[in-house]
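Welcome to a short reading session. A learner and a teacher will go through a protein model together, feature by feature.

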Amino acid sequence: MTSPASFPAWKALLTHHQTMKNSHIRDLFEQDSDRFKRFSLQLDDILFDYSKHRITEETMTLLFALAKASELTGWTEKMFGGERINSAENRAVLHTALRNRSSKPVYVDGNDVMPEIRQTLDKMRNFTQHLHNREYQGFTGEPLTNIVNIGIGGSDLGPAMVTRALTPYRIQGIQPYFVSNIDDSHIMEALKQVRPETTLFIVASKTFTTQETMTNAHTARRWLVNAFGNESAVARHFVAVSTNTSATAEFGIHPDNIFSFRDWVGGRYSLWSAIGLSIAISIGMDAFEELLDGAFSVDCHFRDTPYENNIPVIMAMLGIWYANFFGAETHAILPYSQYLDRFAAYLQQADMESNGKRTDRDGIIINGYTTGPVIWGEPGTNGQHAFYQLIHQGTRLIPADFLAPLHSHHDIGDHHRILLSHCLAQSEALMKGKSLNEVVTDMKHSGYSETQTQQIAPHKVFPGNRSSSTFLFSKLNPRTLGRLIALYEHKIFVQGIIWGINSFDQWGVELGKQLAGKIFNELVDAKPINTHDPSTNGLINYCKRSKDTTI
């Protein structure tokens with residue numbers, strides 16, 4: 001494929017960067033009183049403000065030209081049309097079909113996949129209703145009120161994040177737990193919180209062979225069987241989200257309790273599928289389908305809206321601008337909502353597993369430009385008392401996204417007004433900064449001596465010119481959350497297209513798994529080994545010597 005760095009639009013952006021690199025966003029606002037209006041968009045209840053970026057209309061025109069040169073529209077249609085754009089695995093990429101709320105068919109290899117998707121949604125609805133109505137009961141006849149989702153990666157991060165974010169919409173009497181880590185502390189701490197008689201386990205693994213998931217699942221199975229003294233209890237207390245029916249049957253799961261999904265659903269894009277069963281049980285199927293509705297509205301927006309007003313395209317191209325022309329290496333996600341405390345972690349996988357690639361779609365090593373950024377963040381205002389120092393006064397450029405609801409689910413005093421004021425103030429402070437003259441003036445008015453001013457003033461200077469986008473929305477509800485997730489999904493897709501990479505495979509996770517399998521067998525006995533590099537040999541042998549030592 002042709003390197004994007006060879007496109008005329010890329011070269012024009014390099015030239016344009018030379019004129020923009022020393023510009024200050026504060027000055028751009030002074031030059032254009034309509035800048036906020038010019039660089040903000042509304043989608044349903046979401047306001048997207050991108051005016052606090054080091055951009056002009058020329059910048060955006062050149063970025064859109066790059067998107068056009070990369071044939072973004074064509075690739076978008078290929079994805080929505082069910083073509084096998086995941087070339088490395090020869091698969092379609094159709095998480096969008098899972099939330100297709102229209103009556104239009106979606107074809108893969110000439111077959112409409114929508115009847116199967118609707119059938120799965122119906123099965124999820126039937127199961128969750130029986131559970132909520134206490135018609136589905138455990139081995140002893142008690143209703144199942146504790147839900148333990150056992151998965152890892154996309155089978156955990158998406159459901160865990162959404163369930164946490166939509167806590168106010170939880171079905172009364174249902175308590176979800178999520179277990180992912182192979183560290184036995186994770187499964188054991190969850191089991192301490194629940195009773196066998198009232199616990200339903202969801203084993204989320206497409207192949208039913210994922211080492212971490214299946215190890216935790218078998219531990220949960222032993223715990224349950226030991227409690228009841230009867231293997232048949234498994235059929236009442238376990239369900240599976242998997243395509244491996246023989247393995248699930250061997251585990252003891254009833255065929256009626258197996259929920260499947262197709263290979264065109266990538267793990268990190270799977271919360272919209274049966275992987276979202278834990279979400280549906282936690283908040284109810286009506287709310288789960290509202291989540292789908294929100295994502296579908298963004299799918300329509302992304303597919304049908306010109307680049308100039310297309311929020312995911314603009315998000316993506318701003319990221320390209322900073323990563324490839326300003327050298328930004330990271331991107332901060334800063335939600336001002338405690339319910340979104342897992343949102344940054346979710347986006348870490350969605351973005352970094354998708355676009356953390358070193359070869360293009362043809363397998364050629366990328367040279368001359370960088371790909372995916374490091375995604376990180378925490379909720380405000382906690383982050384303000386942790387890492388904002390570096391964003392404000394550090395030597396690195398860190399673009400950031402602020403996200404905040406206008407209305408809280410609780411109305412307690414001034415809590416939410418304080419929260420919102422901090423969100424808006426931080427984006428303003430990052431943009432405006434505070435000059436040395438402003439600092440000196442303030443210090444003199446505050447009674448500092450000349451000596452104190454000279455000593456302290458340089459430390460109080462904020463350079464500003466730190467770029468950020470702000471997303472304001474009415475309230476964090478299922479539809480809005482669906483929209484937010486889909487906006488970022490499509491942003492990731494767009495950036496992958498610009499960089500010429502396959503955003504839908506993840507071979508980078510395989511090597512560590514293979515080596516772990518070898519080391520696992522080597523840790524069985526105390527015999528020293530020398531089959532690895534000196535460091536790894538030393539660490540393995542230290543573990544062997546220390547196996548029976550209490551530290």
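The dialogue below starts with the whole chain and then turns to helices and single residues.

Q: Before we begin, what kind of model is this?
A: This is a predicted model. Let's keep that in mind as we read.

Q: How many helices and strands does the chain have?
A: The secondary structure comes to 23 helices and 13 strands. The radius of gyration is 26 Å, close to the 24 Å that the globule rule gives for 551 residues, so the chain is as compact as a globular protein of that length. Along the principal axes, the C-alpha atoms fill a box of roughly 80 × 60 × 60 Å.

Q: What share of the residues counts as buried, and what makes up the exposed area?
A: Of the 551 residues, 52% count as buried. The chain exposes about 25,000 Å², and carbon and sulfur atoms supply 50% of that area. For contacts, look at sequence separation: among those with a separation of 6 or more, 74% are between residues 24 or more positions apart.

Q: How do I read a pair of packed helices?
A: Two packed helices are described by the angle between their axes and the distance between the axes. Take helix α9 (residues 184-192) and helix α10 (residues 211-228): they pack at an angle of about 35°, with their axes 10 Å apart. Their crossing is right-handed.

Q: Which residues of α9 and α10 meet?
A: From α9 come I187, M188 and L191, and from α10 come N216, T219, A220 and W223. By class, this contact has five nonpolar, two polar and no charged residues.

Q: Is helix α8 mostly covered or uncovered?
A: Helix α8 (residues 157-165) is mostly covered, with eight of its nine residues buried. The buried ones are L157, G158, P159, A160, M161, V162, T163 and A165. As for what covers them, they pack against the strand β6 (175-179) and the helices α13 (277-283), α14 (285-304), α16 (343-355) and α21 (478-499).

Q: Helix α14 has come up; where does D299 fit in, and is D299 buried or exposed?
A: D299 lies in helix α14. With a relative accessible area of 3%, D299 is under the 20% cut-off and therefore buried. Leaving out residues up to four places away in sequence, D299 touches F80, T96, R99, A486 and H490.

Q: What about N181: where is this residue, and what does N181 touch?
A: N181 sits in the loop between β6 and α9. At a relative accessible area of 39%, N181 is partly exposed. Not counting residues up to four places away in sequence, N181 touches H186 and N216. N216 also belongs to the α10 side of the α9 contact. The C-alpha atoms of N181 and H130, 51 residues apart along the chain, are separated by 30 Å.

Q: How should I read the backbone angles?
A: Most residues other than glycine have a negative phi, and most peptide bonds are trans. Here, the peptide bond from G380 to T381 is cis, with omega near 10°. T381 is in the loop between β11 (374-376) and α17 (388-393).

Q: Which residues other than glycine have a positive phi, and where are they?
A: Two examples are D109, with phi near 55°, and N465, with phi of about 65°. D109 is in the loop between β3 (107-108) and β4 (111-112), and N465 is in the loop between α20 (450-456) and β13 (468-473). At 54% relative accessibility D109 counts as exposed, whereas N465 is buried, with a relative accessible area of 10%.

Conventions:
Residues are numbered from 1 along each chain as its sequence is written. This is a predicted model: local features need pLDDT of at least 70, side-chain atom pairs count only at pLDDT 80 or more; totals for chains, interfaces and linings use all residues. Side-chain values use heavy atoms; hydrogens and water are left out. Axes are lines fitted to C-alpha atoms, for helices over the stretch in contact, and angles run from 0 to 180 degrees between N-to-C directions. Helices (H or I, at least four residues) and strands (E, at least two) are DSSP runs, numbered from the N terminus. A crossing is left-handed if the near helix is turned anticlockwise from the far one by less than a right angle, and right-handed if clockwise. Contact means heavy atoms within 4.5 Å. Ala, Val, Leu, Ile, Met, Phe, Trp, Tyr, Cys and Pro count as nonpolar, Asp, Glu, Lys and Arg as charged, and the others, Gly among them, as polar. The radius of gyration is taken over C-alpha atoms; the globule rule is 2.2 Å times the number of residues to the power 0.38. Buried means under 20% relative accessible area, exposed over 50%, partly exposed in between (1.4 Å probe, protein chains only). Accessible areas come from the Shrake-Rupley method with a 1.4 Å probe; for residues, only the protein chains shown count as cover.
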